[in-house]
Every structure is written in structure tokens, then in C-alpha cells.
Number of protein chains: 2
Amino acid sequence: MADAALFEFLHTEMVAELWARAPNPSPGGQKMSLSVLEGMGFRVGQALGERLPRETLAFREELDALKFLCKDVWTAVYQKQMDGLRTNHQGTYILQDNDFPLLVRMAAGPQYLEEAPKFLAFTCGLLRGTLSTLGIKSLVTASVTTLPACKFQVVIQRA
Amino acid sequence: MADAALFEFLHTEMVAELWARAPNPSPGGQKMSLSVLEGMGFRVGQALGERLPRETLAFREELDALKFLCKDVWTAVYQKQMDGLRTNHQGTYILQDNDFPLLVRMAAGPQYLEEAPKFLAFTCGLLRGTLSTLGIKSLVTASVTTLPACKFQVVIQRA
């Protein structure tokens, strides 16, 4: 029934609440809210990662872990698979979602593009957190060119 | 897979974040955080309510709406049904959950009882919001006597 939408509703409220409470509407205040959202996503991603079946915790290849994110994790959270995965085979991965659920409800005009980052920060953290539980350190950023499509860039941090 | 736990993880992060940001640890600051959580729950409940099949939007009896909360809404959010529903037939309903999922992870000692309200506020709002979408105004409070059991008291507000 409604459970698939629950995460989306809660995420919307969380973003709205953090923005309402941001100490000021300056770029600095917004950046802090983004980093708070990213941190929440990271911890949720870690917790999700810890619930994964043990066999998945030992991927032989980094690429397997990324495929796992695109398929299993994405389906668990967004009820769909990622639409594309590319890599330069040097530790950088581009994950493409053509209809990212958290952006779908946004009106599609260029004037809304600047609103997009706050709907992506939590998910960047979620990807980073899940990878972290899989033993992979990464930096994750996101970009939007045409709503509601977006790309997540994962850069693996070698020790 | 992990999707059933997603709401729980996100709720935990939300509570932690609001408490970390409370202007001060005084009873006043905590009360404000509780009311913020209740408000978020209310809006999520409204949104859930709006997704319900149309036929459910016109319950003939108030009691039918409450049964719907206990069965369908609870299952959608917590993957279980409420364990008990009592009423004085004068507009007050007691909903009993013997293993409320958001309290299950808390250690069961009397010293943790005072922590319980912050894990109940969102759900009080959720119940109030769903009822509101069904056209029923209410006040919802919660109490805990033995973790992880809790009771939600719904008092219908007549016009």
C-alpha cells in the first residue's frame, strides 16, 4: 500500500524541516544543512549495509559492490533499479537515474534546478554509508542537468 | 530486503538530529522538538491518508476509521497490526501496541522510560494526520508503562 511512499514523505519533511531551521538563508547555512542531510544519509546507509546478507559483504571486485548498490540497494530504497552505471576503471563511477524518485515531484523548469541539491544530499550520504559498510571509502557527489534525471559520481578513496 | 527498516533508521536519525539541534537541553527546548516531530508526523499522516483508496475515505462509523488505522495504516508503516483497540464509546480510543517497533531497540529499564516520548511524538502526529485526512479532528497522546509496549490515546474533537 502506502509503505513505498513513506520514505519519500519522510524525506520531504526532513528537508523542509532542516531548511526551516537553518540558522540563516546564506550559502553557509544551506551548506550546513546539506552536510547534515548527507550525514544522516551516511548513517542510514551504514545501517542498511549492516542488514545486508553476509555473503554480499565480501565482494571480490569493487565493481560488484557498485552493481549491488545500483540493483539491490536502489530497489530497497526507491523501488526501482538505477538506469545506468559507467566507470573509467580507475575508481570513478557514474550512476545514472533517469527518473530519480525524490526529484520526480519537482516541477521541471530550469528555475527549479537550484533547488535540486537539497533533494540529493541524503542519497549521496546513503551511497557513501552503504559502501563504507562494504569496506569501501568513497566520495559521492550528485548533479542534475534535466529534471528528474540525475547522476551520482562515486570516487573511490584508496588508502 | 531492507526497505522495512528504512523508515525506522530514518526516524532514528531524525530524532537524533532534532535533539542535537534543540536550542537548549531545557524542558522547553525538548518540548519544541517534540512538537516539531509531531508536526512532521501529522503531515506524513496526511500524505499517507491522501494515498488511501477512495472507498476508505468515507467510513460510515468513526470506529471503522480507527480500525483502519490499527490494521491497514499500522501495517503499512510498521509491518504489524496494532494489538488492541478499546473505546469508551464517547469519542476516546485507546490503541495498544505490545511491541512498538520504534521502542523495541531501546534497552528495557525504568531509566529509559523518560527517553520514550521522543520516539512516540512522530507517530502521534501520524495518527492525527491520517485521521484528519479522513475528516476526523483529534488529539493524540501516547504513554509507556513497560517498554516496548505503549498506548496511543485518541480523543475525537467534535465540532
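**Entry 1: a hairpin in chain B**

I began at the hairpin of β1(B) and β2(B), where four residues sit between the strands and B:H89 takes a positive phi near 60 degrees. A note to self before going on: this is a predicted model.

How many bridges join β1(B) to β2(B)? I found four, and the two strands run antiparallel. For one pair I wrote down the names: B:L85 has B:L95 in β2(B) as its bridge partner.

**Entry 2: on to β4(B)**

Next I followed β2(B) to its pairing with β4(B), which is antiparallel and holds six bridges. Here B:Y93 is bridged to B:V154 of β4(B).

Then I looked at the pairing of β3(B) with β4(B), residues 150-156. This one is antiparallel too, over six bridges. The bridge partner of B:A142 in β4(B) is B:F152. β3(B) and β4(B) also make a hairpin, with six residues between them.

Which residues of β4(B) are on its covered face, and which on the uncovered one? I listed B:C150, B:F152, B:V154 and B:I156 as covered. B:K151, B:Q153 and B:V155 make up the uncovered face. Two of these names were already in my notes: B:F152 as the partner of B:A142, and B:V154 as the partner of B:Y93.

**Entry 3: the whole sheet of chain B**

Time to put the strands together. What is the strand order in the sheet of chain B? I get β1-β2-β4-β3, an open sheet of four strands with antiparallel pairing. Why is one side of β1 and of β3 left without a neighbour? β1 (84-87) and β3 (138-143) of chain B are at the edges and have a single partner strand each, so one side of each has no neighbour in the sheet. From one strand to the next, the twist averages 20 degrees.

A reminder for my own benefit: strands of a sheet pair through backbone hydrogen bonds, and the pairing is either parallel or antiparallel.

**Entry 4: helices across the sheet of chain B**

I looked for what lies across these strands. Helix α3 (residues 62-78) of chain B lies across β1, β2 (92-97) and β4, and runs at about 15 degrees to β2(B). Helix α5 (residues 121-133) of chain B lies across β2, β3 and β4. Its angle to β3(B) is about 155 degrees.

**Entry 5: over to chain A**

I started with the parts list. Chain A has five helices and four strands, and from the N terminus its elements run α-α-α-β-β-α-α-β-β.

The sheet of chain A is open, with four strands in the order β1-β2-β4-β3 and antiparallel pairing. Its edge strands, β1 (84-87) and β3 (138-143) of chain A, each pair on one side only. Neighbouring strands in it are turned by 20 degrees against each other on average, ignoring direction.

I checked one pairing by name. β3(A) and β4 (residues 150-156) of chain A are antiparallel over six bridges, and A:L139 has A:V155 in β4(A) as its bridge partner. Helix α3 (residues 62-78) of chain A packs on this sheet and touches β1, β2 (92-97) and β4, with its direction at about 15 degrees to that of β2(A). Helix α5 (residues 121-133) of chain A lies across β2, β3 and β4, at about 155 degrees to β3(A).

**Entry 6: some totals for chain A**

How much of chain A is buried? Of its 159 residues, 50% count as buried. The area chain A exposes is about 7900 Å², and carbon and sulfur atoms supply 52% of that. I also looked at contacts with a separation of 6 or more: in chain A, residues 24 or more positions apart account for 59% of them.

**Entry 7: the largest pocket**

Last stop. The largest pocket holds about 280 Å³ of space. Its lining has 17 residues, and A:A121, A:C124, A:V140, A:T141 and A:A142 are the ones nearest its centre. Which elements give two or more residues to the lining? I noted α2 (27-51), α5 and β3 of chain A. Of the elements, β3(A) gives the most, with five residues. That is the edge strand from Entry 5, the one at 138-143.

Note on methods:
Residues are numbered from 1 along each chain as its sequence is written. Chains are lettered from A and ligands numbered from 1 in the order in which they are written. This is a predicted model: local features need pLDDT of at least 70, side-chain atom pairs count only at pLDDT 80 or more; totals for chains, interfaces and linings use all residues. Side-chain values use heavy atoms; hydrogens and water are left out. Two strands pair if DSSP finds at least two bridges between them. Axes are lines fitted to C-alpha atoms, for helices over the stretch in contact, and angles run from 0 to 180 degrees between N-to-C directions. Contact means heavy atoms within 4.5 Å. Buried means under 20% relative accessible area, exposed over 50%, partly exposed in between (1.4 Å probe, protein chains only). Accessible areas come from the Shrake-Rupley method with a 1.4 Å probe; for residues, only the protein chains shown count as cover. On a 1 Å grid over the protein atoms alone, a cavity is a set of points where a 1.4 Å probe fits but cannot get out, and a pocket is an open set with protein on both sides within 12 Å along at least five of seven lines; lining residues have an atom within 4 Å of a point. Grid points are joined across faces, edges and corners, and a volume is the space filled by probe spheres set on the points.
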